[in-house]
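Biologist: Before we talk about this protein, could you take me slowly through the words you use for it, and show me how each one is justified?

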Amino acid sequence: MKYDIIIIGAGPAGLSFALSLAKTDLNILLVEKSSLASLHKPAPDGREIALTHLSVDLLKELRVWRHIPNEDIAPIKHARVLNGESAYSLNFDTHQTSLEALGFLVPNYLIREALFEEVEEARQQVNLTLMTDVSVTDIATNDQHASVTLSNGEQLEASLLVAADSRFSETRRKIGIPADMHDFSRTAIVCRMKHEKPHQQTALECFHYGRTLAVLPMNDNQSSIVITVSADIASQIMDMRDDQFNADIQRRLKNQLGRMEISGQRYLYPLVAVHAKRFVAQRFALIGDAAVGMHPVTAHGFNLGLRGAHKLATEISAAWSRGKDIASSAVLQKYQTQHMRVTRPLYLGTNGIVSLFTNDTLPAKVLRKLSLRIANNLPPLKSLITSKLTENTRHFL
């Protein structure tokens, strides 16, 4: 069969990309190795996504935001960054902006569920086909078309292939695009906790010596807890009894939130950042984590995935409306140039922040303290950081 676009991967980037093209009459195929049931009802995975204003705007445009219950959307009104054992903090607040919130915290599985729900509705009206329980075993491109071979033996053709199959993308490797890969040799442990005292919608990023502890405010005196440690310590934390874990987090937060109690299970994620050397090849493009997989400390990863999918869809829609080849090098190169300009500095900057604030040598400790004070007391720098964190204008596209 021949399609206009084959999208490999029906995660958030792949789904949002397909929805962004719903107003065209392009014939699109989504290929996903997971089951239909897992797409329809994703399991909770412990991850809470800090969405920027730009991402919320995009989800509203795609009619996805309406599917997320209001009680599961938690505004972040304040953010504090602490270093070591010091009480001094770098502070961000809504009063520094004209915004109601710095960002919005939403469970990852609910965003995925909402995206899929909208895709299911869109499939009733547009040329959008979904194939599940099947993977791509081979790909090829030439001047005229691209082709894929599926695990069920089918061979399909398209004008354009778009890979959205994770930061460890097999499709990226098969097409021959190399990637920078940074293994931080650290692991993130995430869970939800209830607490006695209100968090005042404040996010905490505590760069303690030896570990990082993030507290992300959810609704109803609950927070998402993210602990980042080396792999050997991670196993010890995962093996703690709940009462031991509760007491440990409460102590490390110096009782700021009062008595704390874990709610649900703990999830473990190794931390590896990836940035593709290129985002495009002949009749081929990368989006989402297949293009850029970020360390979560600056909360850019998911937001960059939505932005990149939107940018590529915009360029394709423009070419389609003019009757041009949607997979021409001019179209793909424009997407790559613009997305690379945004992602590369953020990728390198985030990795630099992680390297500095997980370095416990004496010179690094001094630099860590100094950097927080400079950022706190230099208004232009603080304003720039705030604008990058909130993404509150269309200028960011």
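Modeller: Let us begin with the classes, since Ala, Val, Leu, Ile, Met, Phe, Trp, Tyr, Cys and Pro count as nonpolar, Asp, Glu, Lys and Arg as charged, and the others as polar. Please keep in mind throughout that this is a predicted model.

Biologist: What makes the lining of the largest cavity seven nonpolar, two polar and no charged residues?

Modeller: The lining consists of Ala 18, Leu 21, Ala 22, Thr 24, Leu 26, Ile 28, Val 126, Asn 127 and Leu 128. Thr and Asn are absent from both the nonpolar and the charged list, so they count as polar, and the lining therefore divides into seven nonpolar, two polar and no charged residues.

Biologist: Why is this space called a cavity, and what is its volume?

Modeller: It is called a cavity because a 1.4 Å probe fits there but cannot get out. The volume of the largest cavity is about 50 Å³, and the structure holds one cavity of 30 Å³ or more.

Biologist: What is the volume of the second largest pocket, and which residues lie nearest its centre?

Modeller: A pocket, by contrast, is an open set of points, and the second largest pocket has a volume of about 460 Å³. Its lining has 20 residues, of which Leu 19, Ala 22, Lys 23, Glu 61 and Leu 62 lie nearest the centre, and by class this lining holds eight nonpolar, six polar and six charged residues. Helices α1, α3, α4 and α8 each supply at least two lining residues, with α8 giving the most, namely five.

Biologist: How do you know that α1 and α4 are in contact?

Modeller: Contact means heavy atoms within 4.5 Å, and it is made by Pro 12, Leu 15, Ser 16 and Leu 19 of α1 together with Arg 112, Leu 115, Phe 116, Glu 118, Val 119 and Ala 122 of α4. These residues divide into seven nonpolar, one polar and two charged.

Biologist: At what angle do the axes of these two helices cross, and is the crossing left-handed or right-handed?

Modeller: The axes of α1 (residues 12-20) and α4 (residues 108-122) come within 10 Å and cross at roughly 35°, and the crossing is left-handed.

Biologist: Why is the whole chain, with its eleven helices and 19 strands, called as compact as a globular protein of that length?

Modeller: Its radius of gyration is 22 Å, close to the 21 Å that the globule rule gives for 397 residues, so the chain is as compact as a globular protein of that length. Along the principal axes, its C-alpha atoms fill a box of roughly 60 × 40 × 40 Å.

Technical notes
Residues are numbered from 1 along each chain as its sequence is written. This is a predicted model: local features need pLDDT of at least 70, side-chain atom pairs count only at pLDDT 80 or more; totals for chains, interfaces and linings use all residues. Side-chain values use heavy atoms; hydrogens and water are left out. Axes are lines fitted to C-alpha atoms, for helices over the stretch in contact, and angles run from 0 to 180 degrees between N-to-C directions. Helices (H or I, at least four residues) and strands (E, at least two) are DSSP runs, numbered from the N terminus. A crossing is left-handed if the near helix is turned anticlockwise from the far one by less than a right angle, and right-handed if clockwise. On a 1 Å grid over the protein atoms alone, a cavity is a set of points where a 1.4 Å probe fits but cannot get out, and a pocket is an open set with protein on both sides within 12 Å along at least five of seven lines; lining residues have an atom within 4 Å of a point. Grid points are joined across faces, edges and corners, and a volume is the space filled by probe spheres set on the points. The radius of gyration is taken over C-alpha atoms; the globule rule is 2.2 Å times the number of residues to the power 0.38.
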